[in-house]
Amino acid sequence: RTSDVRGSNFCDISIYYDQRANLAKIISAVDNLVRGASGQALVNFNLMCGHPPAAGLDFAPLRP
């Protein structure tokens, strides 16, 4: 669920295999604000300033 990754830098991935259709489905959930452009901007800033890439992104998610 998207609520499980809200406010975090995590990507939850789930794999489901449907035997009837002989098809594997891969589903992922991310918080686009953190994993999207704003998170990437912070990683780039950290790299340019000599900080660890995850500085400022390794906080606890909003949902336990």
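A contact here means heavy atoms within 4.5 Å. With that in mind, residues 24 or more positions apart account for 41% of the contacts in the protein chain with a separation of 6 or more. The model on display is a predicted one, and the tour below proceeds from the whole chain to single residues.

**The whole chain**

Begin by displaying the protein chain as a cartoon. Its secondary structure comprises 2 helices and 2 strands. Followed along the sequence, these elements appear in the pattern β-β-α-α. The chain has 64 residues, of which 17% count as buried. If a surface is then switched on, the protein chain exposes about 5,000 Å², and carbon and sulfur atoms supply 59% of that area.

**First stop: Ile13 and its surroundings**

Select residues 11–18, which make up strand β1, and find Ile13 within this strand. Ile13 counts as exposed because its relative accessible area is 60%, and exposed residues are those over 50%. Next, add Ile15 and Ile26 to the selection. Together with Ile13, these residues form a nonpolar patch on the surface, with about 370 Å² of accessible area among them.

Which residues does Ile13 touch, not counting those up to four places away in sequence? They are Ile26, Ile27 and Ser28. Ile26 therefore deserves a second look, as a member of the patch and as a residue that Ile13 touches, with the cut-off for touching being heavy atoms within 4.5 Å. Now show the C-alpha atom of Ala29 beside that of Ile13. The two residues are 16 residues apart along the chain, and their C-alpha atoms are separated by 6.7 Å.

**Second stop: the salt bridge**

Select Asp18 and Arg20 and show their side chains. Side chains of opposite charge can pair when their charged atoms come close. Asp18 forms a salt bridge with Arg20, and the closest N and O atoms are 4.0 Å apart. The structure holds 1 salt bridge. Is each partner buried or exposed? Asp18 counts as buried, at 12% relative accessibility, whereas Arg20 counts as exposed, at 76%.

**Third stop: Asn46 in helix α2**

Move to residues 37–48, which form helix α2, and select Asn46 there. Asn46 is buried, with a relative accessible area of 3%. Display its side chain together with the backbone of Pro53. A polar atom of the Asn46 side chain lies 3.1 Å from the backbone oxygen of Pro53. To see the wider setting, add His51, Pro52, Ala54 and Ala55, which, along with Pro53, are in contact with Asn46 once its neighbours within four places in sequence are left aside.

**Fourth stop: Leu57**

Continue into the segment after α2, where Leu57 is found. Leu57 is buried, with a relative accessible area of 9%. Select Leu42 as well and draw a line between the two C-alpha atoms. Leu57 and Leu42 are 15 residues apart in sequence, and the C-alpha to C-alpha distance is 8.1 Å.

**Last stop: the cysteines Cys11 and Cys49**

Finally, select Cys11 and Cys49. How many disulfides does the structure hold? The structure holds 0 disulfides. Cys11 is partly exposed, with a relative accessible area of 37%. Cys49 is also partly exposed, with a relative accessible area of 42%.

Technical notes. Residues are numbered from 1 along each chain as its sequence is written. This is a predicted model: local features need pLDDT of at least 70, side-chain atom pairs count only at pLDDT 80 or more; totals for chains, interfaces and linings use all residues. Side-chain values use heavy atoms; hydrogens and water are left out. Patches are made of residues with over 30% relative accessible area and no salt bridge: like charges are joined within 9 Å, nonpolar side chains (Val, Leu, Ile, Met, Phe, Trp, Tyr) within 5 Å. Accessible areas come from the Shrake-Rupley method with a 1.4 Å probe; for residues, only the protein chains shown count as cover. Helices (H or I, at least four residues) and strands (E, at least two) are DSSP runs, numbered from the N terminus. Buried means under 20% relative accessible area, exposed over 50%, partly exposed in between (1.4 Å probe, protein chains only). A polar contact is a pair of N or O atoms within 3.5 Å; within protein, one must be able to donate a hydrogen and the other to accept it, and residues adjacent in sequence count only if both atoms are side-chain atoms. A disulfide is a pair of cysteine sulfur atoms within 2.5 Å.
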